[in-house]
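The exercises below ask you to work through a structure step by step, checking each solution against the coordinates. Please try each task before you read its solution.

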Amino acid sequence: MNSDWVYLNPEQRPITTSVMVSEVFGLLHRSVMAKIEMLDFNSEFFIQNFQEIQYFNQDCELETAYEMTRDGFGFISIDFTGREAAEFSTAFIESFDNCRN
């Protein structure tokens, strides 16, 4: 599995992005975004675990994505099923743990 899936943000918090999650799990980015956007943006959970960012997609167009913490990842990945999804989820969690050390 890839250690580049999780990295430290400027505040030294281990994070990943909705783009990375969609790529690793083979999902459409808009599907991952929809799962995140089901949350109440004003809730303490959302504020603590998700940060909206902008990035350039492969067509050099500016798009919205989210950085997320381990807890944020856990929330959106809970519905990902199957053996491969379980392996990816485990690898993401291990990446978060390794990034903290």
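At 52% relative accessibility, Q12 counts as exposed, where exposed means over 50% relative accessible area, buried under 20% and partly exposed in between, computed with a 1.4 Å probe on protein chains only. The model is a predicted one, in which local features need pLDDT of at least 70 and side-chain atom pairs count only at pLDDT 80 or more, whereas totals for chains, interfaces and linings use all residues. Residues are numbered from 1 along each chain as its sequence is written, and side-chain values use heavy atoms, with hydrogens and water left out.

**Exercise 1. Backbone angles in two loops**

Task: Determine where Q12 lies and which sign its phi has, then do the same for C60.

Solution. Begin with the elements, for which helices (H or I, at least four residues) and strands (E, at least two) are DSSP runs numbered from the N terminus. Q12 belongs to the loop between β1 (7-8) and β2 (14-17), and although Q12 is not a glycine, its phi is positive, at about 70°. Turning to C60, we find this residue in the loop between β3 (50-56) and β4 (62-68), again with a positive phi, about 60°, although C60 is not a glycine. The relative accessibility of C60 is 62%, so C60 counts as exposed.

**Exercise 2. Strand pairing**

Task: Work out how many bridges join β3 to β4 and how many join β2 to β4, and give a residue pair for each.

Solution. Apply the pairing rule that DSSP must find at least two bridges between two strands. Between β3 and β4, which run antiparallel, there are 7 bridges, and I53 stands opposite A65 in β4. The hairpin formed by β3 and β4 has 5 residues between the strands, and C60 takes its positive phi near 60° in this hairpin. Between β2 and β4, also antiparallel, there are 2 bridges, with T16 opposite M68 in β4.

**Exercise 3. Cysteines**

Task: State how many disulfides a search of the whole structure finds, and decide whether C99 is buried or exposed.

Solution. With a disulfide taken as a pair of cysteine sulfur atoms within 2.5 Å, the search of the whole structure returns 0. C99 has a relative accessible area of 17% and is therefore buried.

**Exercise 4. Salt bridges**

Task: Count the salt bridges in the whole structure, and describe where the partners of each one lie.

Solution. The criterion is a side-chain nitrogen of Lys or Arg within 4 Å of a carboxyl oxygen of Asp or Glu, and a search of the whole structure gives 3 such bridges.

1. K35 pairs with D79, their closest N and O atoms being 2.5 Å apart. Because K35 lies in helix α2 (residues 29-36) and D79 in the loop between α4 (70-77) and α5 (83-100), the pair ties together parts that are 44 residues apart in sequence.
2. D97 pairs with R70, with the closest N and O atoms 2.3 Å apart. D97 lies in helix α5 and R70 in helix α4, so this pair ties together parts that are 27 residues apart in sequence. D97 is partly exposed at 31% relative accessibility, and R70 is partly exposed as well, with a relative accessible area of 25%.
3. E87 and R83 meet through their side chains at 3.6 Å, N to O; both lie in helix α5, 4 residues apart, about one turn of the helix. E87 counts as partly exposed at 42% relative accessibility, while R83 is exposed, with a relative accessible area of 72%.

**Exercise 5. The surroundings of K35 and the buried face of α2**

Task: Is K35 buried or exposed, and which residues of α2 are buried?

Solution. K35 has a relative accessibility of 16% and therefore counts as buried. Taking contact to mean heavy atoms within 4.5 Å, and leaving aside neighbours within four places in sequence, K35 is in contact with F75, I76 and D79. The buried residues of α2 are H29, V32, M33, K35 and I36. Seen down the axis of α2, they fall within an arc of 160°, so they line one face of the helix; the arc is that of the directions from the helix axis to the C-beta atoms. What covers these buried residues includes α1 (18-25), α3 (44-49), β3, β4 and α4.
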